[in-house]
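Here is a short briefing to read alongside the model on your screen. We begin with the fold as a whole, then go inside it, and finish at a pocket.

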Amino acid sequence: MQEDDQYYMHQCLDLAKIALAAGDPPVGVVIVFEGKIIGTGIESGKTTGDITNHAEILAVRDAIKNGYLDQLQMSVMYTTHEPCIMCAYVIRHHRIPEIIYGTAVPFVGGSTSKFNILATQDVPKWGAGPKIIDGICLKECIQLNEDFKKRLAKS
C-alpha cells in the first residue's frame, strides 16, 4: 500500500464518519486527479430518501460540478466500501480507471458479487474495467460498519 492511498482513505473515513453521524451507512468517497481531490461524496441515501445519493455517485456529481468531467477517465476513486452495482455502472460509464476501497459489500458489490459490473466485458463500448485495489484501511472501515449496525439495532 502506498502512503498516498493511506492518506486519501483517511479522507474517506472522515467523510464516512459524517455520514454515520447523520444516520446513513458510513461511506465516504474522494476522487483524485493528479494529486488533487476533485470530488467528494458522503452517503446520504437513507436520510434524504433518495437511493441514488450513494457517496460514489455524489462524488462523481461533485467532480462534474467542479469542472472535471473530462478528467474522470484519468482519476482514482477512493471509497470506504466497494462500489455497489448502481455505483459501478456510473464508474464504468465515466471510465474511472482505478478504484481503491476498504471493505467489500456482499451480495450487491460491483466487483465481488455475482453482478461484477466493474469487470464485465459484456457491455459494448465500456472497454476494460478499472484496476481495483481492496482492503485499504480495512479495520477502520469494518469498525464503522459495526458502529452503524449498533445504531440500527437501537432504532
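Of the 155 residues in the protein, 48% are buried. Please keep in mind that this is a predicted model. Its secondary structure amounts to five helices and five strands.

**Overall fold**

- Reading from the N terminus, you will meet the elements in the order α-β-β-α-α-β-α-β-β-α.
- The C-alpha trace spans about 45 × 35 × 30 Å along its principal axes.
- Why does the radius of gyration agree with a compact globule? A compact globule of 155 residues would have a value near 15 Å, and the protein has 14 Å, so the two agree.
- Among contacts with a separation of 6 or more, 60% join residues 24 or more positions apart.

**The largest nonpolar core**

- This core holds 22 residues, and those with the most contacts inside it are Ile31, Ile38, Val60, Leu72, Met77 and Ile96.
- Two or more core residues come from each of these elements: strand E1 (28-33), helix H3 (55-65), helix H4 (85-93) and strand E4 (98-103).
- Which of them gives the most to the core? That is H3, with five residues.

**A look around Ile96**

- Ile96 is a handy residue to click on, being one of those with the most contacts inside the largest core.
- Setting aside neighbours within four places in sequence, Ile96 is in contact with Val60, Leu72, Ser75, Met77, Ile91 and Pro130.
- Val60, Leu72 and Met77, which appear among these partners, are also listed with the residues that have the most contacts inside the core.

**Another core**

- Apart from the largest core lies another one, made of 17 residues.
- Its members include Val32, Val76, Ile100 and Cys141.

**The largest pocket**

- The space in the largest pocket comes to about 480 Å³.
- Its lining is formed by 24 residues, and Pro25, Val27, His81, Val105 and Asn145 lie nearest the centre of the pocket.
- What is the lining made of, by residue type? It divides into 14 nonpolar, four polar and six charged residues.
- Helix H2 (45-48) and helix H5 (138-154) each contribute at least two residues to the lining.
- H5 supplies the largest share of the lining, namely five residues.

Terms used. Residues numbered from 1 in each chain as written. Predicted model: local features only at pLDDT ≥ 70, side-chain atom pairs only at ≥ 80, totals over all residues. Heavy atoms only, no water. Core = buried A, V, L, I, M, F, W, Y, C linked by side-chain atoms within 4.5 Å. Buried < 20%, exposed > 50% of the residue type's maximum accessible area, 1.4 Å probe, protein only. Helix = DSSP H or I, 4+ residues; strand = E, 2+ residues; numbered from the N terminus. Contact = heavy atoms within 4.5 Å. 1 Å grid on protein atoms, 1.4 Å probe; cavity = no way out; pocket = protein on both sides within 12 Å on 5 of 7 lines; lining within 4 Å. Points joined across faces, edges and corners; volume = space filled by probe spheres on them. Nonpolar A, V, L, I, M, F, W, Y, C, P; charged D, E, K, R; others polar. Rg over C-alpha atoms; globule rule 2.2 N^0.38 Å.
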